[in-house]
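Colleague: Please take one helix of this model and look at it closely. Set it in the whole protein before you start, and end with a look elsewhere for contrast.

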Amino acid sequence: MSLNLRSRIPLIVIAALLGIGGLITILRSITVIQTGEIGIVDFYGQVSEQPLTPGVHLKSPTARMVTFSTQTREFKETLQTPTKEGLMLNVDISVLYRIDPAKAKQLYQTVGMNYEEIVLVPQVRSLMRSATANFESKTIYTSDRQALAQQLRENLNKALSDRGIIIEDALIRNVKLPDSVEKSVQEKLKAEQDAQRMKFVLERERQEADRKRIEAQGNADAQRILSQGLSEQALRFKQIEAMQQLATSQNSKVIIVGGDQKAPVLLQP
């Protein structure tokens with residue numbers, strides 16, 4: 001190796017290192033925000049005013065990039081909660097929520113990345129217990145489940161919207177009563193169903209009795225009207241009309257009028 005080449009080796013190494021360093025700097029200056037995310041740039045405590053939207057962006061290579069998902073996420077929880085009577089229920093709930101992009105900076109500065117464990121979970125547990133305390137166990141188990149879910153959703157939005165968390169829905173997946181209470185509720189529901197069924201049967205029988213009574217009254221009225229209209233003269237007139245019609249027929253006939261010795265007997269071959 002010549003003396004000239006040896007003297008150039010440090011320069012070559014330095015140039016290579018500078019090239020690698022420059023490439024690393026360029027790569028660290030490029031950031032990609034995926035679909036369904038926003039980015040927050042934190043440069044030594046200075047947080048970017050506007051979050052970065054999905055796409056390719058340039059930033060300082062020494063700045064920290066924090067991403068938040070803006071897609072709808074589900075939080076599931078099973079907890080024991082009291083009712084209006086003081087009974088403890090096991091309730092399975094699901095909370096659908098998402099981050100408000102306009103408040104992502106505030107959420108990052110005031111809560112941080114672990115916002116679900118810090119603010120969401122405690123609020124869900126606290127507000128769920130407060131909500132069930134306004135309802136009786138039998139209504140939570142049956143008719144008021146939707147009302148309870150709606151109240152929970154509204155209370156969560158009031159508590160978390162300023163933080164930058166939007167509650168889309170709160171769902172009551174399952175309610176488990178104590179065994180003794182569940183048995184009594186089931187028995188009461190069965191009794192109510194039986195009472196409703198018997199009420200329907202009695203109403204149907206009453207309607208049938210009314211129908212028969214109306215039908216019988218109609219028949220009686222018809223008979224009364226008919227008996228009033230069939231006088232002796234009317235019957236004799238109808239008899240004469242029938243004989244006249246038979247007399248004009250081309251077929252052979254025998255006309256016998258009985259029941260009255262004065263009535264004529266007409267024979268025609």
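Modeller: Start with the contacts across the protein. Among those with a separation of 6 or more, 63% join residues 24 or more positions apart. Bear in mind that this is a predicted model. The protein has 269 residues, and 26% of them are buried. Its secondary structure comes to 7 helices and 10 strands. The exposed area is about 18200 Å², with carbon and sulfur atoms supplying 55%.

Now the close look. The part I picked is helix H3, residues 115-132. H3 counts 18 residues. From first C-alpha to last, H3 reaches 25 Å, close to the 26 Å expected at 1.5 Å a residue.

Which residues of H3 are buried? Reading along the helix, they are Tyr-115, Val-119, Leu-120, Val-121, Val-124, Leu-127, Met-128, Ala-131 and Thr-132. A general point helps in reading that list. An α-helix has 3.6 residues a turn, so residues three or four places apart point the same way. Try that spacing on the buried set, which includes Val-124, Leu-127, Met-128 and Ala-131.

Next, a single residue of the helix. Val-119 sits in H3. Why does Val-119 count as buried? Its relative accessibility is 9%, and the cut-off for buried is under 20%. What does Val-119 touch, beyond residues up to four places away in sequence? The partners are Val-111, Leu-160, Arg-163 and Ile-165. Take Ile-165 from that set. Val-119 and Ile-165 are 46 residues apart in sequence. In space, their C-alpha atoms are 9.5 Å apart.

Now away from the helix, for contrast. Ser-48 lies in the loop between strand S3 (46-47) and S4. Ser-48 counts as buried because its relative accessibility is 19%, against a cut-off of under 20%. Leaving aside neighbours within four places in sequence, Ser-48 is in contact with Ile-40, Val-41 and Lys-105.

Strand S4 also holds Leu-58. Is Leu-58 buried or exposed? Leu-58 counts as exposed, because its relative accessibility is 71% and the cut-off is over 50%. Leu-58 joins Ile-30, Val-32 and Val-56 in a nonpolar surface patch of about 410 Å². Two strands each give two or more residues to the patch: S1 (30-33) and S4 (55-58).

So much for the contrast. In H3, Val-119 is buried at 9%. In S4, Leu-58 is exposed at 71%.

Note on methods
Residues numbered from 1 in each chain as written. Predicted model: local features only at pLDDT ≥ 70, side-chain atom pairs only at ≥ 80, totals over all residues. Heavy atoms only, no water. Helix = DSSP H or I, 4+ residues; strand = E, 2+ residues; numbered from the N terminus. Expected span 1.5 Å × (residues − 1). Buried < 20%, exposed > 50% of the residue type's maximum accessible area, 1.4 Å probe, protein only. Contact = heavy atoms within 4.5 Å. Patch = residues over 30% accessible without salt bridge, like charges linked within 9 Å, V, L, I, M, F, W, Y side chains within 5 Å. Areas by Shrake-Rupley, 256 points an atom, 1.4 Å probe, with all protein chains shown as cover. Salt bridge = Lys/Arg side-chain N within 4 Å of Asp/Glu carboxyl O.
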